[in-house]
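Visitor: Could you take me through one metal site in this model, up close? I'd like the geometry and the cut-offs behind it.

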Amino acid sequence: MYLMDYHHHTNHSFDSKAIMEDVCIKAIDKQIKEICFTEHFSVNPLAPTYGHMNFEKYLKDINDCKEKFQDYLTIRAGIELCEPHLLMDKYNKTLKPLNLDFILGSIHNINNQKLRLVLKEHHQNAYQLYFEELYKMVSVADIDVIAHLDLMKRYAYKEYGNYQLDEHQEIIVHILQKAIERNIGIEINTSGLSWEFNTPLPSIDIIKLYKDLGGEILTIGSDSHKADSVGANLRTAYEMAKECGFNYIYSFEKREATPIKLCR
Ligand SMILES: [Zn+2]
Ligand SMILES: [Zn+2]
């Protein structure tokens with residue numbers, strides 16, 4: 001199986017201490033064939049991640065690792081953007097010249113408030129606010145894939161359990177239809193499979209719904225912040241993708257998507 005991890009952080013992200021070279025070594029150990037680093041980045045001074053990224057250093061690390069591991073591992077330079085539908089000119093100006101391979105779009109904050117705090121203030125209604133913000137993102141942002149589509153549950157599940165798809169079906173269908181129309185993919189983010197809750201982000205229902213609506217672009221990522229957990233639960237996610245009816249997952253180079261066949 002051609003294993004790919006399309007969501008990984010290193011010390012180029014404010015919330016990770018992982019060394020890129022260590023991540024690559026662990027990935028090779030685990031028979032992963034392709035990795036895309038997706039460091040946090042925001043152009044908004046109010047975002048927690050603001051000011052951490054040094055693109056020169058990041059791309060140098062990528063190139064050094066590419067050279068070192070070229071016979072064993074394909075390495076892609078990606079990025080995970082906070083709220084890329086806001087400050088779009090600023091994002092565009094910064095990112096265009098870098099010619100990155102892959103862009104994940106995330107909602108980590110709503111009105112400059114972290115999701116955890118949004119939940120505290122709005123309780124279960126926080127889900128609706130989150131999905132509405134996500135719809136704004138997918139309508140205009142220049143991204144390749146939506147990261148962890150139902151991220152709010154990471155904060156809400158302890159108190160409220162999983163949300164019912166029925167309750168938010170309308171907005172979720174709108175999000176997925178808009179994504180499909182704009183050629184934007186979704187990911188199976190496996191980080192949730194390591195919690196007691198044991199669910200991917202998004203939940204299987206949503207992955208199936210995306211497929212049923214005609215969505216094809218799917219990536220799989222661990223969202224790991226440590227070398228040891230690179231590729232965590234990747235094989236499980238590959239099986240889920242097949243169960244949901246996908247025959248391919250996607251690889252990106254210079255933002256060009258290539259389907260990779262899922263072996264049966
Ligand atoms: Zn994220
Ligand atoms: Zn991430």
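Guide: Here's a walk around one zinc ion and the strands that relate to it. This is a predicted model, where local features need pLDDT of at least 70, side-chain atom pairs count only at pLDDT 80 or more, and totals for chains, interfaces and linings use all residues. Residues are numbered from 1 along each chain as its sequence is written, chains are lettered from A and ligands numbered from 1 in the order written, and side-chain values use heavy atoms, with hydrogens and water left out.

So, the zinc ion (ligand 2): His7 (NE2), His9 (NE2), Glu80 (OE) and Asp223 (OD) coordinate it at 2.1 to 2.3 Å. Donors here are N, O and S atoms within 2.8 Å of the metal (3.2 Å for Na, K and Ca), and with water not among the atoms, sites may look incomplete. The 4 donor atoms subtend angles of 81 to 171°, so the arrangement is irregular. For reference, four donors count as tetrahedral if all angles lie between 85 and 135 degrees; four count as square planar and six as octahedral if opposite donors are over 155 degrees apart and all others between 65 and 115; anything else is irregular.

Glu80 also coordinates the zinc ion (ligand 1), 3.5 Å from ligand 2. His7 sits in strand β1 (residues 3-8) and Asp223 in the loop between β9 (218-221) and α9 (234-243), so this pair ties together parts 216 residues apart in sequence. Helices (H or I, at least four residues) and strands (E, at least two) are DSSP runs, numbered from the N terminus. His7 is buried because its relative accessibility is 0%, and Asp223 also counts as buried, at 11%; buried means under 20% relative accessible area, exposed over 50%, partly exposed in between (1.4 Å probe, protein chains only).
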